[in-house]
Amino acid sequence: MPQRLRQRAQFQAVLRAPAVVHTAHFALHGMATDGLTGTRGRPLFANTGPWLGTVVPKRWARRAVTRNALKRQIAAVAVECPLPPGAWVVRLRRAFAPADYPSATSAALRRAARAELRELLAVRLRQWLASGRTMPSACAVGRSAQPPATPAMPAPLPSIGESA
C-alpha cells in the first residue's frame, strides 16, 4: 500500500510536474522523490517506495459524499494495481455526468470510476513506463518545494504634476 501525501509542499512538488497519463476523467501526475527538500531543509519524502495523493476538487464533484467515494476508489485501485516507486497524484479533471450517475454512492458510479482508474494505473501507466520514458526528477521541475521568491516591486511612478 502506498504512503499518503499529506503536506501541501508534497502536493505542490508533484503537481508542478506535467500529467504523465490521463483518461477521460482522471490525470496522473508523478515524479521521482529523490532530492526534494521542504522549507526547513528536511526531505519531503523520507522513505522510498510509492507515495499517493488524491485531488478531487469541488468544481468537478460538488457533494462531499461524491468526493469521498472517489477518493476511496482511488485508494482501492492503488492497492490492486501497485504503483512504482515515486510520488503520484491522481487528479479528477472532469465531472462524471450527473444525469448518468444521480446518486453519489451508486454502484454504477463506483464501477465506472474503478474501471477508469484501472485503465489509468494498470494499463496506461504501464504503457508509459514500458515506452522507456523516465519520471520527471526534482531537477526538471524545480529542486525544492519552496515557492519562488517574489520579485522586488518597482519604484512607484511619480504623480502628474510632480517632478522626477
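Let us start with one small link: Glu-119 forms a salt bridge with Arg-124, and their closest N and O atoms are 3.1 Å apart. Keep in mind as you look that this is a predicted model. How exposed are the two partners? Glu-119 has a relative accessibility of 31%, so it counts as partly exposed. Arg-124, at 32% relative accessibility, counts as partly exposed as well.

Now step back to the whole chain. The protein has 164 residues, and 38% of them count as buried. Its secondary structure comes to 4 helices and 5 strands. If you walk along the chain from the N terminus, you will meet these elements in the order β-α-β-β-β-α-β-α-α. The accessible surface comes to about 9,900 Å², and carbon and sulfur atoms account for 55% of that surface.

How does the chain come together in space? Take the contacts between residues that are at least 6 apart in sequence: 78% of these join residues at least 24 apart. You can follow some of the links between separate parts of the chain by turning to the sheet.

The 5 strands form an open sheet with mixed pairing, in the order E1-E4-E5-E3-E2. At its edges are strand E1 (3–4) and strand E2 (19–22), each of which pairs on one side only. The partner of E1 is strand E4, residues 50–55, and the two run in the parallel sense with 2 bridges between them. To find one of these spots in the model, look for Arg-4, whose bridge partner in E4 is Leu-52.

Next, let us add helices to the picture. Helix H2 (residues 64–80) packs on the sheet, where it touches strand E3 (26–31), E4 and strand E5 (86–92). The direction of H2 makes about 160 degrees with that of E4. Helix H3, which covers residues 107–130, lies across E2, E3 and E5. Relative to E2, H3 runs at about 125 degrees.

Zoom in on H2 for a moment and find Thr-66, which has its place in this helix. Is Thr-66 buried or exposed? Its relative accessibility is 14%, and because the cut-off for buried is under 20%, Thr-66 counts as buried. Which residues does Thr-66 touch, leaving aside its neighbours within four places in sequence? The answer is Ala-61, Ala-104 and Leu-109.

We can now return to salt bridges, of which the count comes to 3. Glu-80 takes part in a salt bridge with Arg-114, with the closest N and O atoms 2.5 Å apart. Glu-80 lies in helix H2 and Arg-114 in helix H3, so this pair ties together parts that are 34 residues apart in sequence. Glu-80 also forms a salt bridge with Arg-118, and here the closest N and O atoms are 2.8 Å apart. Arg-118 lies in H3 and Glu-80 in H2, so this pair joins parts that are 38 residues apart in sequence.

Put these links together and you have a network of salt bridges that connects Glu-80, Arg-114 and Arg-118. How exposed are its members? Glu-80 counts as partly exposed, with a relative accessibility of 40%. Arg-114 has a value of 24% and counts as partly exposed, and Arg-118, at 35%, counts as partly exposed too.

Note on methods. Residues numbered from 1 in each chain as written. Predicted model: local features only at pLDDT ≥ 70, side-chain atom pairs only at ≥ 80, totals over all residues. Heavy atoms only, no water. Pairing = 2+ DSSP bridges. Contact = heavy atoms within 4.5 Å. Axes fitted to C-alpha atoms, helices over the stretch in contact; angles between N-to-C directions. Buried < 20%, exposed > 50% of the residue type's maximum accessible area, 1.4 Å probe, protein only. Areas by Shrake-Rupley, 256 points an atom, 1.4 Å probe, with all protein chains shown as cover. Salt bridge = Lys/Arg side-chain N within 4 Å of Asp/Glu carboxyl O.
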